[in-house]
Structures are given as C-alpha cells and as structure tokens.
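These are my notebook entries from a session with one structure, kept in the order in which I looked things up.

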Amino acid sequence: MHEASVALSLIQVACEVLEEQGGGRVTALTVRIGQWSAVVPQALQAAFPASAQGTPLQGARLSIQAVPGVGECPAHGPVELDLMRGLRCPVCNAPTPKLLQGDELELDELELA
Ligand SMILES: [Zn+2]
C-alpha cells in the first residue's frame with residue numbers, strides 16, 4: 001500500500017530529527033500534504049499507527065495539514081486550482097502547467113517528549 005510506505009518514510013525522517021535532538025520520543029507530529037501529491041490523508045492516518053509500532057513514534061498523534069494546489073496562470077498569476085478541473089486556471093481556463101504548491105509531502109512539526 002502506497003500510504004504505508006509514505007508513513008514509513010515520514011517516520012524515518014522524524015527519527016533522524018529525533019537523533020539530532022539527542023533521542024527521546026515523539027508524542028505528536030504534523031505533516032503537510034499537498035492535495036496534488038497523490039497521498040490520501042485518511043489512508044495515511046490509517047496506516048500510521050501500524051507503521052509506528054516499535055519506533056520512537058509509537059502512539060504519537062498524527063496531524064495532517066492539507067495544502068491546496070496553486071498554479072501559475074499567465075493572465076492571473078498564482079491561482080488556487082480545483083482538483084476536478086485539473087491543471088487549469090479556474091478563472092480563464094488557461095493551462096497552468098507549473099504547480100507552485102500542492103505537491104508537498106513533508107514533516108512540518110514534531111512534538112518531543
Ligand atoms: Zn487565468
């Protein structure tokens with residue numbers, strides 16, 4: 001399952017941060033997930049507890065912050081994209097091939113014990 005491997009890589013990054021901080025446990029973490037990143041937040045939320053078993057993140061609370069997609073329209077500049085319409089300006093329908101944000105998959109905050 002895709003989200004399980006995403007959970008594992010997030011846990012790996014968190015463990016590296018934890019080591020830099022001198023060890024301990026993670027009690028909560030926040031991740032930023034772009035709406036265009038192909039990761040389903042609910043599925044990640046569901047996959048996380050099992051993936052965190054036996055790691056310093058076991059039992060940690062996972063918060064997911066969804067990041068909307070923003071594209072660059074030649075006429076309107078940065079515009080918030082609608083997933084249903086695809087990579088097109090919602091105002092003038094021009095293609096917005098460049099995603100300015102919305103494909104994030106990153107660790108935002110860690111709460112350490
Ligand atoms: Zn436009």
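Before starting on the first helix I fixed one convention: the expected span of a helix is 1.5 Å times one less than its number of residues. I also noted that this is a predicted model.

**Helix 1**

I took helix 1, residues 2-20, and asked what span its 19 residues should have at 1.5 Å a residue. The expected value is 27 Å, and I found the end C-alpha atoms 28 Å apart, which agrees.

I then looked up which residues of helix 1 are buried, and listed E3, V6, A7, L10, I11, A14 and L18. They cover an arc of only 135 degrees around the axis, which puts them on the same side of helix 1. For the background I wrote down that an α-helix has 3.6 residues a turn, so residues three or four places apart point the same way. On the face of helix 1 turned away from its buried side I found the exposed residues Q12, E19 and E20.

**The sheet 2-1-6**

I turned next to the strands, and noted an open sheet of 3 strands in the order 2-1-6, whose pairing is mixed. Strand 2 (61-67) and strand 6 (105-112) are its edge strands, each pairing on one side only. Ignoring direction, I recorded an average turn of 20 degrees between neighbouring strands of this sheet.

Within this sheet I looked at how strand 1 (residues 26-34) meets strand 2, and found that they run parallel and are joined by 7 bridges. As one position to check by eye, I marked R32, which stands opposite Q65 in strand 2.

**The sheet 4-3-5**

The other sheet I looked up is also open, with 3 strands in the order 4-3-5 and antiparallel pairing. Strand 4 (77-80) and strand 5 (99-101) each have a single partner strand, so one side of each is left without a neighbour in the sheet. The twist here averages 40 degrees from one strand to the next.

I followed strand 3 to each of its partners in turn. Towards strand 4 I found 4 bridges, with the two strands running antiparallel, and I noted that strand 3 and strand 4 form a hairpin with 3 residues between them. Towards strand 5 I found 2 bridges joining it to strand 3 (residues 70-73), again with an antiparallel run.

Residue by residue, V70 has Q101 as its bridge partner in strand 5. G71 stands opposite V79 in strand 4, and the bridge partner of G71 in strand 5 is L99. For C73 I noted G77 as the bridge partner in strand 4, which brought me to the metal.

**The zinc site**

Which atoms coordinate the zinc ion? I listed C73 (SG), H76 (ND1), C89 (SG) and C92 (SG), at 2.0 to 2.3 Å. Along the chain these donors follow the spacing C-x2-H-x12-C-x2-C. C73 lies in strand 3 and C92 in the loop between strand 4 and strand 5, so the pair ties together parts that are 19 residues apart in sequence.

Why do I call the arrangement tetrahedral? The 4 donor atoms around the zinc ion subtend angles of 103 to 115 degrees, and the criterion I applied asks that all angles lie between 85 and 135 degrees. For reference I wrote down the ideal angle of 109.5 degrees for four tetrahedral donors.

I also checked whether two of the donor residues are buried or exposed, taking buried as under 20% relative accessible area and exposed as over 50%. C73 has 2% relative accessibility and therefore counts as buried, whereas C92, at 35%, counts as partly exposed.

**Positive phi**

My last search was for backbone angles, given that most residues other than glycine have a negative phi. A38 has a phi near 70 degrees, a positive value in a residue other than glycine, and I located A38 in the loop between strand 1 and helix 2 (41-52). At 61% relative accessibility, A38 counts as exposed.

N93 is not a glycine either, and I read a positive phi of about 70 degrees for it. Its place is in the loop between strand 4 and strand 5, and with a relative accessible area of 38% I entered N93 as partly exposed.

Terms used
Residues numbered from 1 in each chain as written. Predicted model: local features only at pLDDT ≥ 70, side-chain atom pairs only at ≥ 80, totals over all residues. Heavy atoms only, no water. Pairing = 2+ DSSP bridges. Axes fitted to C-alpha atoms, helices over the stretch in contact; angles between N-to-C directions. Donors = N, O, S within 2.8 Å, 3.2 Å for Na, K, Ca; no water. Tetrahedral: all angles 85-135°; square planar, octahedral: opposite > 155°, others 65-115°. Buried < 20%, exposed > 50% of the residue type's maximum accessible area, 1.4 Å probe, protein only. Arc of directions from axis to C-beta.
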